[in-house]
Amino acid sequence: MQEELLQLFPIERRAFWTPVAAEWARVEEIRLRVGRPVLVRWKGREWCLDEKGRLIPPGENGYCADEDELEGLLQHICHYSLYAFEDELRQGFITVPGGHRVGVAGQVVLNADGTIRTMKHIRYMNIRVSHEIRGAADEILPYLYDRGSLKNTLILSPPGCGKTTLLRDLVRQISDGNVYAEGMCVGLVDERSEIAGSYLGQPQNDVGMRTDVLDACPKALGMTVLLRSMSPRVIAVDELGSREDMEALHMASSCGCRLLATAHGEGISDVARKLGENRFVREQLFDLCIILGRREGKSVPLKICGREEIYVSLAGNDHDTGGSPRSGNLV
């Protein structure tokens, strides 16, 4: 993985990035902004770099990236053919070998209908380092089954608390089979290429032997496509965020699929509002909700809620679910 991370950078810059690459196992992301200090998230905290690429505390004289460095990095990642990566640039990120994702921002060029044609003058980049942690779901897995039957499960957390890592390992173990049930065919809609980390259509992460991946496709559309084409027994999606997503989940459930999904949020009521609270309560699609957070720099399950706890508080207009002192115990 150290060498894999170094390969992201042009040859002439690899000596500078070697100290960071040597810490790849605990590096979460690398942020470059023109004229601003480079920031590396390492061990759950932000660090700057000195002139030799070594990690130093923020607030000191950190190394700043310039336009030439970002331009050279982008060209290298795109194999010196930005035109070939226009579709990825339009989405704001590029997935590279190893499942790592490079987010970009700059000047947007629009089509006449207001859609994004491409992006130019890239002045901001975020390298999100993929960490495939086999066994990350071991602690959670027993809660997902009831006498061999998989529960419809929703995973919630604020950003950076490990829900994608957990989802990836759950997909793998559900697909391959585990001590609680035999393997099941999983249809994975990987809209941001973060779960399977597909590169040229090939998953870079292990998502299981019975998993079919629809890469870089909007979630609601992707669920419909997989239901029609691959006959999955489980539909898995990351980062629910719209009422259209909720409608697609309802359709998948009506077709007999089990559901495995994540969403950004501090608690159940927060996510329910994004997805349409009335419908969320009325349809009661989920049997289990896992709320993640951080303790001592580590991602941990703060609370695990069953069906009754998920919906009763919402129906009673109690919007404190997931954010009260009750959180902190597995139930």
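A salt bridge is taken here as a side-chain nitrogen of Lys or Arg within 4 Å of a carboxyl oxygen of Asp or Glu, and helices and strands are DSSP runs, numbered from the N terminus. The structure is a predicted model, and a search of the whole of it finds 19 salt bridges. The points below begin with some of those bridges, then turn to an open antiparallel sheet of seven strands, and end with strand β11, which is mostly covered, and with helix α6, residues 219-229.

**Salt bridges**

- Within helix α4 (residues 86-91), Arg90 and Asp87 are three residues apart, and therefore separated by about one helical turn; the two form a salt bridge in which the closest N and O atoms are 2.7 Å apart.
- Both partners of that bridge are partly exposed, Arg90 with a relative accessible area of 30% and Asp87 with one of 49%.
- Arg101 and Glu194 also meet through their side chains in a salt bridge, at 3.7 Å from N to O, and this pair links distant parts of the chain, since Arg101 belongs to strand β6 (residues 101-110) while Glu194 sits in the loop between β11 (186-190) and β12 (211-215), 93 residues apart.
- Arg101 counts as buried at 12% relative accessibility, and Glu194 likewise counts as buried at 10%, because buried means under 20% relative accessible area.
- Glu191 forms a salt bridge with Lys219, with 2.6 Å between the closest N and O atoms; Glu191 lies in the loop between β11 and β12 and Lys219 in helix α6, so the pair ties together parts that are 28 residues apart in sequence.
- The two ends of this bridge differ in cover, in that Glu191 counts as partly exposed at 24% relative accessibility, whereas Lys219 is buried, with a relative accessible area of 10%.
- Through salt bridges that share partners, Arg101, Arg128 and Glu194 are joined into one network.

**The open antiparallel sheet**

- Seven strands form this open sheet, with antiparallel pairing and the order β4-β3-β2-β1-β7-β6-β5; its edge strands are β4 (55-56) and β5 (93-95), each of which pairs on one side only.
- Strands of a sheet pair through backbone hydrogen bonds, either parallel or antiparallel.
- At the β4 edge, strand β3 (residues 45-49) pairs with β4 in the antiparallel sense over two bridges, and Cys48 stands opposite Ile56 in β4.
- Glu29 is found in strand β1 (residues 27-33) and counts as buried at 15% relative accessibility, while its side chain makes a polar contact with the side chain of Arg31 at 2.9 Å.
- Leaving aside residues up to four places away in sequence, Glu29 touches Leu39, Val40, Arg41, Asn126, Ile127, Arg128 and Val129.
- Ile116 lies in strand β7 (residues 116-128) and is partly exposed, with a relative accessible area of 32%.
- Together with Val108 and Leu110, Ile116 forms a nonpolar patch on the surface, and the three have about 230 Å² of accessible area together.

**Strand β11 and its parallel neighbours**

- β11 is mostly covered, five of its five residues being buried; Val186, Leu188 and Asp190 point one way from the strand, and Gly187 and Val189 point the other way.
- β11 and β12 run parallel and are joined by five bridges, and the bridge partner of Asp190 in β12 is Asp215.
- β11 also runs parallel to strand β13 (residues 234-240), to which four bridges join it, and there the bridge partner of Val189 is Val237.

**Helix α6**

- The buried residues of α6 are Lys219, Gly222, Met223, Thr224, Leu226 and Leu227; Lys219 is also the residue that forms a salt bridge with Glu191.
- What covers these buried residues of α6 includes the strands β11, β12 and β13, and also α7 (243-254).
- After α6 comes Ser231, whose phi is positive, near 45°.

Technical notes
Residues are numbered from 1 along each chain as its sequence is written. This is a predicted model: local features need pLDDT of at least 70, side-chain atom pairs count only at pLDDT 80 or more; totals for chains, interfaces and linings use all residues. Side-chain values use heavy atoms; hydrogens and water are left out. Patches are made of residues with over 30% relative accessible area and no salt bridge: like charges are joined within 9 Å, nonpolar side chains (Val, Leu, Ile, Met, Phe, Trp, Tyr) within 5 Å. Accessible areas come from the Shrake-Rupley method with a 1.4 Å probe; for residues, only the protein chains shown count as cover. Buried means under 20% relative accessible area, exposed over 50%, partly exposed in between (1.4 Å probe, protein chains only). A polar contact is a pair of N or O atoms within 3.5 Å; within protein, one must be able to donate a hydrogen and the other to accept it, and residues adjacent in sequence count only if both atoms are side-chain atoms. Contact means heavy atoms within 4.5 Å. Two strands pair if DSSP finds at least two bridges between them.
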